[in-house]
Amino acid sequence: MERYKKGNDRNQISLLPMCLDDMLSDDADVRALELIVDKMDICSLGFTHCEPKQTGRMAYDPVDMFKLYAYSYFNGIRSSRKIERECHRNIELMWLIGGLKPDFKTIADFRKDNKQPIKAAFQKFSIICCELGLIGKEIVAVDGSKFRASNSRLKYHSEKKIEEKIKHHAEKAEMYMALLDACDQGEDVQPTLTREEIIGKINKVNKRLVELSTLRQEVSKSGTIYETDRDSRMMKTNNNGCDICHNVQIAVDDKAHLVVALDVTSQPVDKEQLYNMASQAKENLETDGITVVADKGYYSSRQFMLCETDGIKPIVSCAKQDFHVKDKQYSKERFQYHNGGYICPAGQTLIPFCKAKDNCIKYANPSACKDCSQKANCTTGEYRMVQDRPFSEFAREVDKRTKEQMDTYHLRKQVVEHPFGTIKRAFGFSYFLTRGTENVRTESLLHFLVYNMKRAINMVGMQGLRAASQG
């Protein structure tokens with residue numbers, strides 16, 4: 001008696017016809033993906049090759065190519081060569097695109113040549129999610145995260161880094177010259193390298209010094225150089241580290257944590273991105289007004305002004321700006337604005353003192369500070385000065401709204417950081433394969449589109465998707 005189960009003989013001919021549809025379960029995710037893509041009407045979004053020409057080889061249907069990308073990214077397969085291999089061995093993929101086997105170049109070109117249609121597909125699926133009742137259109141949370149760029153540190157050249165390399169190679173050149181002198185003078189202690197090998201080393205170092213001198217001229221002229229991906233930048237990352245990255249910005253609706261707007265920037269900080277993301281979310285959701293929640297990295301009075309004039313209500317944590325205050329009890333937040341001046345915690349009124357070149361207004365009361373018993377805790381200077389930047393009235397309104405709606409602000413982390421965690425851990429998307437801002441934006445759109453698809457499938461289920469596709 002056999003101890004283990006035995007599989008069928010691979011050389012045995014089956015009398016029963018093989019059917020790919022029978023191999024998939026009724027609730028397989030690939031069936032849900034097909035329902036979603038069919039609902040999106042891909043050809044209406046401007047994808048190339050929708051109308052094949054009369055001559056030449058027939059192109060692949062953009063619907064099939066889009067399904068191929070959606071399925072691959074859905075399952076964490078990102079490389080065009082890996083996607084090509086899956087077309088030859090993956091039963092679900094064979095079922096989805098009818099056994100088509102495009103080569104890796106065709107797969108890569110589809111993403112490269114359809115940047116705007118992919119963005120339109122992302123927006124179209126947001127509309128579908130609205131129809132499914134998954135988007136609230138009231139509150140969105142905005143945040144950014146750094147994703148490693150396709151640019152090695154060896155292809156990153158700053159002025160300081162080049163100077164260090166030139167110094168290192170100059171020392172190497174001197175060392176090899178000393179070894180060459182030892183060979184020529186016939187000293188007792190001979191180097192381990194031959195004279196020809198030392199000359200080869202010297203020529204190699206001198207060649208590198210010439211290259212570095214050329215790079216130094218370019219850096220002094222145009223700034224830090226990123227050879228592979230010129231749009232990437234050195235940025236601070238988690239755990240106080242640094243890496244060459246792109247800054248991916250998303251806006252997430254609070255109802256079902258779906259991403260409703262996305263952008264990619266080369267700016268390491270988020271300060272100028274609040275209105276950009278909030279306005280995109282407002283446009284994609286086709287609503288007259290929304291509330292946007294963000295952390296203190298987005299605190300900017302100018303951004304608040306742009307939001308307020310466009311029907312967007314920001315809720316943003318106040319950024320601390322008092323670097324010379326010893327006691328937190330005397331930070332700027334403790335100074336109350338009243339009738340064109342500030343009332344300090346000691347009850348004294350600070351009046352407009354001077355106006356800076358950048359239209360900043362400074363408030364002070366030197367005579368009151370002179371005899372104040374709390375001066376040592378309040379300031380390190382002769383008197384305390386509070387500064388108002390342009391559009392400070394909008395910042396004060398945002399501060400007031402944030403204090404009144406702290407429950408809404410506390411939802412920010414669980415709403416907007418959830419998609420980033422899923423994308424990086426579950427989908428394995430923590431670095432870019434493409435280069436350049438436009439290309440990495442398209443790659444990000446595909447990833448977060450698939451995240452939205454997966455989220456919708458989990459929340460609505462196959463029955464809900466079938467009902468929506470028939471409606």
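How far apart are the mean positions of the positive and negative charges of the chain? The mean positions of its 72 positive and 65 negative charges lie 3 Å apart. That value, like everything in the legends below, comes from a predicted model.

**Figure 1. The whole chain, with its 17 helices and 13 strands.** We start with the full view before moving in. The C-alpha atoms fill a box of roughly 100 × 90 × 65 Å along the principal axes. The radius of gyration is 31 Å, whereas a compact globule of 471 residues would have one near 23 Å. Of the 471 residues, 41% are buried. The accessible surface of the chain comes to about 26,900 Å², and carbon and sulfur atoms account for 48% of that area. If you follow contacts between residues at least 6 apart in sequence, 67% of them join residues at least 24 apart.

**Figure 2. The largest nonpolar core, a set of 89 residues.** In soluble globular proteins, nonpolar side chains tend to be buried together. Look here for M40, F66, F125, V248, I250, F448 and M453, the residues with the most contacts inside this core. Helix 17, residues 437-470, supplies the largest share of the core, with 12 residues. Apart from this core lies another one of 14 residues, and C183, V205, L212 and L215 are among them.

**Figure 3. M40 and its partners from other parts of the sequence.** Leaving aside neighbours within four places in sequence, M40 is in contact with L45, F66, A121, K124, F125, I128 and M453. Three of the names in this view may be familiar from the previous legend: F66, F125 and M453 also belong to the residues with the most contacts inside the largest core.

**Figure 4. D41, a residue other than glycine with a positive phi.** D41 sits in the loop between helix 2 (29-40) and helix 3 (62-74). Its phi is near 55°. Most residues other than glycine have a negative phi, and that is the background for this close-up. Is D41 buried, exposed or partly exposed? With a relative accessibility of 40%, D41 counts as partly exposed.

**Figure 5. H257, another positive phi in a residue other than glycine.** Here phi is near 60°. The loop that holds H257 runs between strand 5 (242-253) and strand 6 (259-265). H257 counts as buried because its relative accessible area is 15%, under the 20% cut-off.

**Figure 6. R85 and E86 in helix 4.** Helix 4 covers residues 80-89, and R85 has its place there. What is the exposure of R85? R85 is partly exposed, at 43% relative accessibility. E86 is found in helix 4 too, but E86 is buried, with a relative accessible area of 13%. Not counting neighbours within four places in sequence, E86 is in contact with I77 and L93. Two distances help to place this helix in the model. From R85 to D27, 58 residues apart along the chain, the C-alpha atoms are separated by 25 Å. From E86 to M40, 46 residues apart in sequence, the C-alpha separation is 24 Å.

**Figure 7. L132 meets residues far along the sequence.** L132 lies in the loop between helix 7 (115-131) and strand 1 (139-148). Which residues does L132 touch, not counting those up to four places away in sequence? They are V460, G464, L465 and A468. L132 and A468 are 336 residues apart in sequence, and their C-alpha atoms are 7.3 Å apart in space. L132 counts as partly exposed because its relative accessibility is 22%, and the buried class takes in values under 20%.

**Figure 8. F353 in strand 11.** This strand spans residues 349-355. Beyond the residues up to four places away in sequence, F353 touches K362, Y363, A364, P366, Y383 and M385. F353 counts as partly exposed, at 40% relative accessibility. Where does F353 stand with respect to L465? The C-alpha atoms of F353 and L465 are separated by 64 Å, and the two residues are 112 apart along the chain. L465 also appears in the previous legend, as one of the residues that L132 touches.

Notes. Residues numbered from 1 in each chain as written. Predicted model: local features only at pLDDT ≥ 70, side-chain atom pairs only at ≥ 80, totals over all residues. Heavy atoms only, no water. Helix = DSSP H or I, 4+ residues; strand = E, 2+ residues; numbered from the N terminus. Rg over C-alpha atoms; globule rule 2.2 N^0.38 Å. Buried < 20%, exposed > 50% of the residue type's maximum accessible area, 1.4 Å probe, protein only. Contact = heavy atoms within 4.5 Å. Areas by Shrake-Rupley, 256 points an atom, 1.4 Å probe, with all protein chains shown as cover. Lys, Arg positive; Asp, Glu negative; His and termini not counted. Charge placed at Lys NZ, Arg CZ, Asp CG, Glu CD. Core = buried A, V, L, I, M, F, W, Y, C linked by side-chain atoms within 4.5 Å.
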